[in-house]
Each structure stands twice: as C-alpha cells, then as structure tokens.
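Hi,

Here is the structure I promised to pass on. Have a look at it first, and then read my notes below.

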Amino acid sequence: MAGSLSEIKGKIASTKKTSQITGAMQMVSAAKLTKSEQAAKDFQVYASKVRQITTDLMKAELLSGSSNPMLISRPVKKTGYIVITSDKGLVGGYNSTILKSMMDTIGEYHPEGNDFEIIAIGGMGADFFKARGIDVAFELRGLEDQPSFEEVARIISKSVEMYKNELFDELYVCYNHHVNSLTSQVRMQQMLPITELDVNQASEGGASFELEPNREAILEQLLPQYTESLIYGAIVDAKTAEHAAGMSAMQTATDNAKNVINDLTIQYNRARQAEITQEITEIVAGASALE
C-alpha cells in the first residue's frame, strides 16, 4: 500500500506542475489576445478609410465598367488559396478546423488536383499539405504575435503579382475569423478579382476629384495596395483567433488538470484511510494474541 500511496503522491505533484505551466501559458495567451484585438480594431479604422477612398475613386468605373485586370472576372482555369494557420500546436482545434475546410474545398472544387495553388502562412499548414503530397507555391513561417505589414509584405505582394501575371485567375484567403475569446469562424474570402466595392457606398463628391497624373494611373497603384491591405487584415484577424484559441485550450487543460488532482486526492485519501484501518486491525489482532 505504501508504494501505491507514493505513486499517487507523485502523480499529484506532476499534475500540479502541469497545471502551473498551462495556467501560465493561458495568461500569456490572454495578454497576446488583448494586444491582437486592439491591433485588429485599429486596422479596421484604416481599412474602412482605404475602402472609402477606393470606392470614391472608382465610382465612375463601377458605374460604367472598368478595364483594370484586378476588377475583371476572367475564366477560371486555376484558383489560388492563401491558407493561414499557426506555426505550432497547443491551440485546440484552431488548425484542424481550417485545414479540414480547405481539404473539403479541394475535394469538392478541385478533384483533379492540378487546378489550384496553395500559399501557406504558418508552419502547421505548410507541413500538412506537404505530408499529403500537395505542392505549396510559397510559405511563410515564424510570424510575430502581432505581425507588421513589412513582415508579410513579400508573400502578400507575391500573391497579387501571381494573379496579375495570370498564374491563377482568382485568389481566396482561408482563415479563422475571430468572433470572441471562445468562438471563431472559418472564412473563405475572395480577394481577387475585387468584387466587393459598392457604388452606393461612394460619397457624393467621390467622382469629382481632381487627380494627377490621372485616375487610371492612380488606380493601377491603389488597387494592388487595397488588396494587399485586405489580405493583411485577414492575417491580423487570424492571429487574434489563434491567441484566443490558445487561451481557451490552456484554460481547458488547466481545468482538466485540477479535476485530475481532485480525483487523485480522493484516491489518495481513500488509500491512506485503508492503510490506517489495516494498521489498526493488525495492532488489535496483535494485542488479542498476547492475552
């Protein structure tokens, strides 16, 4: 019985250490989540202004039609997907949810397997696709907890360039959208061609700007930057969802560890009680034998 008691005490001690680690990781993820949520809010202010300016400048084109290749839907021969995952685990179902959605999309829309391109942001996604024999055109690993635009600019601009060079005919970003600290939603958002601009959202003076050198030259520069800002916004959103998933996973792990400790403590007390009872029984039996 002594060996059993020692074993239970060891399990309780090791589980307490695990609980302390997961509790600390939960607090770290909570701090990261707070910063990411603020960064996401700040970006939304910027994104709304860029969207308004772009819509205003394009009011005439939206009414009459535009020849800009980033606005024209062409026959789809190949589709590009930017898939955003984390670089590591310990984030619950964050990665599995987005990767399952992506595999379902491939199975439904690309059964031949040669009419899509994967651009992976995050090591978990890149490794997942490679392990299944799916080529990854580009990958980016090791993003900061609050990634700057400069950190992701190369892969974003490369994605837009691939579209402009007709290496694929439409571009989607697949990621987890942050709803709150407990909930995220898978999003498959089309980035190119740009179809979401609404002429009804243009301001009254949007079409009367005096532009230099001309509207076409400005849009040639503005539209790629607009798309790049949307992709960056998706990355910031996905990072926020990742931190929320990490916090939730570590909270669950901590709670589970506490439940295990409680169960082991009860088990230990029962074993200890049985040991004491056995000792008393042996003492009484020994005393009776001496009479």
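**Two helices and two pockets**

Helices α5 and α6 are oblique to each other, because their angle falls outside the other classes (under 35 degrees is roughly parallel, over 145 roughly antiparallel, 65 to 115 roughly perpendicular, and the rest oblique). This is a predicted model, where local features need pLDDT of at least 70 and side-chain atom pairs 80 or more, while totals for chains, interfaces and linings use all residues. Residues are numbered from 1 along each chain as its sequence is written, and side-chain values use heavy atoms, without hydrogens and water.

α5 covers residues 149-164 and α6 residues 215-290; they pack at about 125°, with axes 9 Å apart. (Helices are DSSP runs of H or I, at least four residues, and strands are E runs of at least two; axes are lines fitted to C-alpha atoms, with angles from 0 to 180 degrees between N-to-C directions.) Contact means heavy atoms within 4.5 Å: on the α5 side you'll find F149 and I156, among others, and on the α6 side residues including P224 and Y232.

Now the pockets (open sets of points on a 1 Å grid, probed at 1.4 Å, with protein on both sides within 12 Å along at least five of seven lines; lining residues have an atom within 4 Å of a point). The largest has a volume of about 440 Å³, counted as the space filled by probe spheres set on the points. Of its 22 lining residues, F43, Q44, R187, G233 and D237 are the closest to its centre. α1 gives the most to this lining, eight residues.

The second largest pocket holds about 270 Å³, and α6 supplies the largest share of its lining, five residues.
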